[in-house]
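Reader: I have a two-chain model to read for class and do not know where to start. Could we go through it step by step?

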Amino acid sequence: MKHNESRNVTRKPRRSPSLPKAPTGIQGLDELTGGGLPKGRPTLLCGDAGCGKTLLAMEFLVRGAVESGEPGVFMAFEENAMELAKNFASLGHDLKALVAQKKLVLEFIHIERGELEETGEYDLEGLFIRLGHAIDSIGAKRVVLDTVEALFSGLSNTAILRAELQRLFRWLKTKGVTAIITGERGETSLTRYGLEEYVADCVIVLDHRVDGQMATRRLRIVKYRGSTHGTSEYPFMIDEGGISILPVTSMVLKHKASTERVSSGLGRLDAMMGDKGYYRGSSVLVSGAAGTGKTSLAAYFAQGTVARGERCLWFAFEESSSQIIRNMRSIGIDLEPAARRGTLLFHAERPTIFGLEMHLLTIHKLVSQFRPRVVVIDPITNFTSIGSLAEIQEMLTRLIDFFKIQQITALFTSLTTSGEFMESKDIGVSSLMDTWLLMREIKSGAERNRVLHILKSRGMAHSNQVREFLLTDHGAELRDVYVGPSGVLLTGSARDALEAREKAQSLFRAQEVEGKSRELVRKRQAMEAQIAVLRAEHEVEQVEAAKMIGQDQKRAGVLARDRVQMARLRQSDANAAGKTPKHK
Amino acid sequence: MAGQTPKSLVAIANLKRLCDDHLKGRRYRIEVIDLMVTPQLAKDDQILAIPTLVRKLPKPVRRIIGDLSNIERVLVGLDLIPASRTSA
């Protein structure tokens, strides 16, 4: 055997081939582990009570049975583990059916505490037999022992126990099953009884922490022999679908940049962006003070998206969906039909219910389920109540990365407190965005008018001009602004006045031009009249001249006839006269 | 027991001796179950350790694990002598 191994080692390529892995089917975990848990080996899953170990282990088994065709055995050593396992049915899995189909075995190993008399040498062969029988009865490929540490409270001979546990894990390997062993966190060691000494292939730690008032669950892969794995802590949540772990977003900026463009839903705005709109898969930030029309821009984008036949997912963190629909209707955008059809999905909730990670997870989940091409997050600024600026930035970075990989175009609205043009938090967040539209209010006279300005838009030529943004009941309009004589932006009534003035001016000019051209026409007509007269005179002269020429010719003809006649009368030789031409 | 291992044979021998010594004149029945032959009984009787002695009657059911070399412990476990010393 040793010879073969060394030969194979030299033949293998530099990069060691990855371990065969058993996919967990748990959202996010397979990405984190590079394919799943080590196949045919035990994995240690430790964490405090209530952190989700049993749930994760159960999900591994059930998904293995249902999705990967690998039957599984669940051995519960504690009653609550058994209860939890049975409660797994509430997550939408029919455990009874799986047991009946011989895809799952659920057994409870009763450990008597303090009732056992230990009277000499023994081993735990009974456990092996039990396990072996269960595994063989359904041909199981996956096994969960939850939690093996319970043995320590029932049996006092730790030496025997440890020896047997070691034997157990070796035995599991020979059985070729992928096993999850759960254990509780210890004070000084990873697990209370130091199981990590024996289960060395893969160790995952679950954590359930309360930060401030937010409870977050975290998962960390402490060890995974022979495989690369994410080493950070990853937040996860448990809901009616099971466990969802925040997927690893490749922080290596490897995603492709699309050259496709999508309309913003507002023609004039597209015109400001090279006549095409946003880049597909790009991130757009619309920031501005309250009431500047950010949500309406988002609504236009949503409307444009569903009109194209694509799906839009709208996360509303301030208003309810019916509020948004009603408000947008007042400016002529009707989002109701799309919402009813299901191409526009609203998800409204106040940010303060959950922590940042939960929101991130919820967004991930919904996006994976709904598969939109466009996502609206309106607004992001409410998150400041549940996280620091740095945390929000981190969350947004992950989100934007996630969207880019999926080629989802995302529009974020951000509320800036009025008065300030740019705030530091704007700047921090805006650096993550490809396009930044700034909505402002201009005070002129006694009016406040809204203006829109493209602050930046990566990768495209865009207008750097400010446009006035008007919300009328038949829609939004973007109008050119006027720079008045003193260089002041004129909007609203001042702009209207200037417009009127200019209109009058141009009208006057038009009239002048018309007058001039009329004069020209007149002059030409006069000239043409003169020409006509000249021509007529000329014609008359022509006629007279022709007449004269005609008379002349007649006279010449008469003269010639007369001569001939006179010659005849003189009785000269007619022939001689006729032949005279010779002499002539 | 699980197969004819030395531990199991010792246990059976110890058990026989114990019964001869302490259950003279009493009616008892010893049933030896080999889990290698009937593995499903491991689940039914919740047997983990081998060898295990289960006293089914009189109730309550008592379990004793080990090769029964500690006679005193066995007797305490079978309720044949009172548990005067510290518990297990």
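Author: Begin with the score: pLDDT is the predictor's confidence in each residue, from 0 to 100. The model here is predicted, and chain A averages a pLDDT of 82.

Reader: What percentage of the residues of chain A score at least 70?

Author: The average pLDDT for chain A is 82, but an average does not say how the scores are spread. For that, take the share of residues at or above the cut-off of 70. In chain A this share is 88%.

Reader: Which element of chain A has the lowest mean pLDDT?

Author: Among the elements of chain A, the highest mean, 94, belongs to strand β16 (residues 312-316). At the start of chain A, pLDDT stays under 50 over residues 1-16, a stretch with one contact beyond four places in sequence. Residues 579-584 of chain A are also below 50, with zero contacts beyond near neighbours in sequence. The lowest mean, 39, is that of helix α1 (residues 2-11) of chain A.

Reader: How many residues does each chain give to the contact, and which element of chain B has the largest share of its side?

Author: Chain A gives 21 residues and chain B gives 27. On the side of chain B, at least two residues come from each of α2 (40-44), β2 (62-65) and α3 (71-77). The largest share there is four residues, and the element that supplies them is α3(B).

Reader: How many residues of each class are on the side of chain B that touches chain A?

Author: Sort the residues on that side of chain B by class. Five are charged and seven are polar. The nonpolar residues number 15.

Reader: Which strand of chain B is joined to β6 of chain A, and do the two run parallel or antiparallel?

Author: Look at the residue pairs. A:Glu117 stands opposite B:Ile64, and A:Glu118 stands opposite B:Ile65. Two bridges join β6 (residues 117-118) of chain A to β2(B), and the strands run parallel.

Reader: In what order do the three strands of the open sheet lie?

Author: Within chain B, a hairpin of six residues joins β1(B) to β2(B). These two strands pair in the antiparallel sense over four bridges, with B:Arg55 opposite B:Arg62. The edge strands, each pairing on one side only, are β6 of chain A and β1 (52-55) of chain B. The pairing of the sheet is mixed, and the order is β6(A)-β2(B)-β1(B).

Terms used. Residues numbered from 1 in each chain as written. Chains lettered and ligands numbered in written order. Predicted model: local features only at pLDDT ≥ 70, side-chain atom pairs only at ≥ 80, totals over all residues. Contact = placed C-beta atoms within 7 Å. Nonpolar A, V, L, I, M, F, W, Y, C, P; charged D, E, K, R; others polar. Pairing = 2+ DSSP bridges.
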